[in-house]
Every structure is written in C-alpha cells, then in structure tokens.
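Here are my notes on this one, in the order I'd go through them with the model open. Have a look and see whether you read it the way I do.

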Amino acid sequence: MNISEELIREIITKVIEEAVKPGEKEPDCGFEKHVDPSGIIGIKTSTVKCERFEQDGVALKDVLTLEEAPRMGCGIMELDHTSFEWTLTYDEYDMVIEGTLEIEIDGRIVSGGPGDIIYIPKNSHIHFQTPDKCRYAYFVYPANWAEL
C-alpha cells in the first residue's frame, strides 16, 4: 500500500485541528498557548506560572509536550536568590526575561540580563544561580532530556 506525503500531511493537520482549535487556550495547561494547524505554537510567557522544583527558590514549568515538539523542549524557570548544581545531559539555551542569570562553571561565571541568551553545551557541570529574582526561558535539545 502506497501512502502519499500529501495524505500524511492532511491526516496530521486534521488531528492537530481537532486537538486544539487555533487561537484557543489549551485545556489544563494553565497558561496561554495558541496552536496553529500548521504546528506553529505561540506561548504568552507572562501567563506561565512556575511550580516548585527540587529546592526552595527554584520553580519551573515546561510549556511544550513531547507530542507538540518531539525534538526540542521549552519552559520557563524562576530562581529567587538561590543556586543549584546541575549536569546537563542535553544542549540548552537560556534567554533571560527578567533579573540576572549566572552560570558558574569551573570557578568562572557567565552572566546574562534581560534579553541576553546563554548557551550551555551538553555534559556541562554547572551551578545555576542568581543574586536577585530571575525569570528565564530555557530551550533544550533533545526534548526528552529527562529520559537520557
């Protein structure tokens, strides 16, 4: 049986259209996420409410599911006058939304403020830290980093 690329595209488009209507808030995600039938997704980062992570002063929220973006992950993280150690098993970009994000590695600090982007390569052993309250968006590859 031969299935054309065009038929596959039609099926995928129909599934996406039925899952979430364009311009609607995705059910139960807790923030504004607009899903276009093309697969393009818009997220209003100001509406994302982060949830406590492993320690006080650290909160985050993944904003895309593996079904929506199977190759790249994305979320929002907040740090409040804190530091935590982490070894990345994935590549990560961090874009600072507010405050100051510091990445300490081997005794050196790479710092970024609002609008700045920091790249952290896979297998880096770092300390995420901030001298104030920081909110930033993280973008990871691959998306299923927790399964690595």
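1. A quick definition before the hairpin comes up: two strands are taken to pair if DSSP finds at least two bridges between them. Keep in mind, too, that this is a predicted model. With that in hand, β8 and β9 qualify, as 5 bridges join them and they run antiparallel. Their hairpin has 2 residues between the strands, and D106 there takes a positive phi near 50°.

2. Staying with D106 for a moment: it sits in the loop between β8 (101–105) and β9 (108–112). The positive phi turns up here in a residue other than glycine. Is D106 buried or exposed? Exposed, because its relative accessible area is 63%, and the cut-off for that label is over 50%.

3. N123 is another one to click on. Its phi is near 75°, again a positive value in a residue other than glycine. N123 belongs to the loop between β10 (117–120) and β11 (125–129). With 57% relative accessibility, N123 counts as exposed.

4. One more backbone item, this time towards the C terminus: the peptide bond between Y141 and P142 is cis, with omega about 5°. P142 itself lies in the segment after β12 (133–141).

5. Now the overall layout. The protein has 1 helix and 12 strands. Reading from the N terminus, the helix comes before the strands, in the run α-β-β-β-β-β-β-β-β-β-β-β-β. Of the contacts with a separation of 6 or more, 60% are between residues 24 or more positions apart. Of the 148 residues, 33% count as buried. The exposed surface comes to about 9,200 Å², and carbon and sulfur atoms supply 54% of it.

6. Which strands make up the open sheet, and in what order? There are 6 of them, arranged β3-β4-β5-β12-β7-β10, with antiparallel pairing. β3 and β10 stand at the edges with a single partner strand each, so one side of each has no neighbour in the sheet. For β3, look at its pairing with β4 (residues 58–62), which is antiparallel and runs over 2 bridges. Within that pairing, R52 has A59 in β4 as its bridge partner.

7. Back to β8, which has a second pairing to check. β8 also pairs with β11, in the antiparallel sense over 3 bridges. I103 is a handy residue for seeing both: it stands opposite V110 in β9, and its bridge partner in β11 is F128.

8. Q129, next in β11, deserves a look of its own. Q129 counts as buried because its relative accessible area is 12%, and the label needs a value under 20%. What does Q129 touch, leaving aside residues up to four places away in sequence? The list is L79, T82, S83, T100, L101, E102, E104 and I109.

9. On to the aromatics, where the count comes to 6 aromatic pairs. Take F84 and W86: their ring centres are 6.1 Å apart and their planes are at 80°, so this pair is edge-to-face; angles over 60 degrees get that name. Both F84 and W86 are buried. Ring pairs link F53, F84, W86, F128 and Y136 into a cluster. F128 is thus worth viewing twice, since it is also the bridge partner of I103.

10. Cysteines last. How many disulfides does the structure hold? The count is 0. C50 is buried, with a relative accessible area of 19%; that puts C50 under the 20% cut-off. C74 is buried as well, at 14%. K49 lies in the loop between β2 (41–43) and β3 (51–52), and at 57% relative accessibility K49 counts as exposed. The C-alpha atoms of K49 and C29 are separated by 9.9 Å, with the two residues 20 apart along the chain.

Conventions: Residues are numbered from 1 along each chain as its sequence is written. This is a predicted model: local features need pLDDT of at least 70, side-chain atom pairs count only at pLDDT 80 or more; totals for chains, interfaces and linings use all residues. Side-chain values use heavy atoms; hydrogens and water are left out. Helices (H or I, at least four residues) and strands (E, at least two) are DSSP runs, numbered from the N terminus. Buried means under 20% relative accessible area, exposed over 50%, partly exposed in between (1.4 Å probe, protein chains only). A disulfide is a pair of cysteine sulfur atoms within 2.5 Å. Rings of Phe, Tyr and Trp (its six-membered ring) pair if their centres lie within 6.5 Å; planes under 30 degrees apart count as stacked, over 60 as edge-to-face and the rest as tilted. Contact means heavy atoms within 4.5 Å. Accessible areas come from the Shrake-Rupley method with a 1.4 Å probe; for residues, only the protein chains shown count as cover.
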